[in-house]
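Fancy a bit of helix-packing practice? Take a look at the model below, then work through the exercises.

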Amino acid sequence: MKLTAADLATSTIAPSIVTGAALIAEWQYGDHAAVVEFLTAVVTGKVAFVSFAKKWSPSLSWGALAMAGAFTQAGVTTVGGAGPTAYAWLVSAATAVAARLVYKHHTRHDDVKLNMEAVKLQTALVGQQIRQQQLTKLTTPDAVPAGPDLSGRTVEERQMRTAVWEALRQELAGCLIETTDVGWKAVLDLPPTLDRDTLRSRWPRVAGALRVDGAFHLDDGPLSSQLVVNYVAGDPLDTAVPYESERGATFLDPVVISRDEFGQPVAIEMAYSHTLIAGSSKFGKSTLVRLLAIRLAGRPDTVLYGVDMKPGSPELTPMRPLLQDLASTPEEAHALMDWMKAELDERGAILADHGDQEWIPAKHGRPAVYVIVDEHAELVRQGDKGRKKSERISDKVESFLALNRAYGIHMISATQQPSSGVFGGKTDARGNYANRISTRMNDRAHAMFVFGRASGYNPGDLTKPGEILVNTPDHARPFRSRVQWLRGEDFRREVARLARETAKAPVGKRLILPAPGSSNQEKIRNALVKYGNMQRRELEQATGLGEKQVLDAARALRPDVERCEDTQTWRIVPAAAWEAQAIASP
Ligand SMILES: Nc1ncnc2c1ncn2[C@@H]1O[C@H](COP(=O)(O)OP(=O)(O)OP(=O)(O)O)[C@@H](O)[C@H]1O
């Protein structure tokens, strides 16, 4: 570090002025000037000392100290003559030069520091501006910055990536879209910052950003970071679903009834479950009942019974060949329920012998039974009428629903009027139907009765015949599907085919309902016409006659009626028409 001429000049100017002023003061005022100078030096020295000690303003402290120095020097100059004057001048000048040098040493890096400080300030300012800009973009609703990479192999893929970005500010790691028969299917690879459940719950926003009309169905992908989106354009349930013949091997097989919006078949488990079918008139309830009857009748280990109390039994008579029997009067309905109760007891004993919990036809030797009731409200109305409380059909039905499932005996109840009144005034009866299906149903109270508080089940929103909502243990969330349309001609053809193949329940193990007739012989004849061949015990049951009356009437009918020793049954001659269906009890 060097002293410049300017440094030397400024360092010597102050001592020279003070020294010069002091010499003039001595020449003018002599010792008085020296006294004043010393007093002034003492006072300013004291001020400097105090202000340093009490941390007053630095300029006051340093200024007072400088004054004290200057007046000390002036005093020395005034009293001391030429020698001390020169000496004081030299000391002052040297002190000033030294102070100058110290100052220059301490301030040698100040420029660099200043520059660095300026750069820092500038960087902070730029950062501040960037943050401000981002904040403005995020809080401006329509400003959608392009995602980092929203491109895809196709226009659809780019649209999907853009929609996810617009809705959630998330960039998909991958997106593959393929077209399907009904729309398209996308496999979305989610970034680590987005999980499947979050995307599911926010899907309506993504769907809104895609701006398409149609339905979405979301499934888990094979990887935990994948979500599969099925999109269906328009409403695929607009067109009727054709009937497809299907043959289940056992009653344990699920029954396919309809097709969902994604073209997938919908099947329900009917083994060990009662089924409730509700719906307003003209929306396909009967068609569904017929479809179920056809499906079940085709299973070799299954038998069907029917209850149709409307005059003439219009719904179930066309499927009469598939039914073991059809109850169409209150008496027959009671007999059916009583027979089911007796059958239940027998099956209970068989299960206990085997140590089993559930009925398996192949193992326990008797078929699964389905009792189809159309219309359930009519059964309850007529079956309860004029009877004592303990003999009401609604109580029998309720105990049937509560007990029979595990014994392989099931009920399929179809009704237009699902209400607690129809189910014996007790809502619990409804709870025994594990499978509940509804076609369109306007009445909200009825809908509530069928689906309870299960959310989203609004059968009033269904618009087309055959369109249904299904609530079963396997289908716990609402989704629309359309029942296969079994047209009249298909139904008749299938009934004829199945009638040829369906075996009647074994003699001795079947339900025998009362046979009408004005004389004993007429009753016997009618019973044999209806049931083919019958044991004596069965004839007693059908006619309400005693053993001797049955034998007398049967013998009187000879030769039209004969007894077959092999099977120990009575039958009408010729027997060819029914023999094929009549299976002797083991
Ligand atoms: N699955 C279906 N797909 C398309 N159309 C159907 C379907 N089921 C029924 N339909 C149409 O709806 C009409 C009424 O059907 P269905 O007789 O089964 O209704 P319902 O509700 O039982 O009426 P009701 O109680 O008055 O007898 C049928 O004639 C047919 O035209």
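Two exercises on helix pairs follow, each with a worked solution. This is a predicted model, where local features need pLDDT of at least 70, side-chain atom pairs count only at pLDDT 80 or more, and totals for chains, interfaces and linings use all residues. Residues are numbered from 1 along each chain as its sequence is written.

**Exercise 1.** Work out how H1 and H4 pack, and which residues make the contact.

*Solution.*
- Start with the elements: helices are DSSP runs of H or I with at least four residues, numbered from the N terminus.
- Helix H1 (residues 5–29) and helix H4 (residues 82–106) have axes 8 Å apart, at an angle of about 150°. Axes are lines fitted to C-alpha atoms over the stretch in contact, and angles run from 0 to 180 degrees between N-to-C directions.
- H1 and H4 are therefore roughly antiparallel (an angle over 145 degrees).
- Next, the residues in contact (C-beta atoms, placed from the backbone, within 7 Å): H1 brings Asp 7, Leu 8, Ser 11, Thr 12, Ala 14, Pro 15, Thr 19 and Leu 23, while H4 brings Thr 85, Ala 88, Trp 89, Ser 92, Ala 93, Ala 96, Val 97 and Arg 100.

**Exercise 2.** Now do the job for H3 and H4: at what angle do they cross, and which residues meet?

*Solution.*
- The axes of H3 (residues 58–80) and H4 cross at roughly 160° and come within 7 Å.
- That makes H3 roughly antiparallel to H4.
- On the H3 side you'll find Gln 73, Val 76, Thr 77 and Gly 80, meeting Gly 83, Pro 84, Thr 85, Ala 88 and Ser 92 of H4.

Conventions:
Helix = DSSP H or I, 4+ residues; strand = E, 2+ residues; numbered from the N terminus. Parallel < 35°, antiparallel > 145°, perpendicular 65-115°, else oblique. Contact = placed C-beta atoms within 7 Å.
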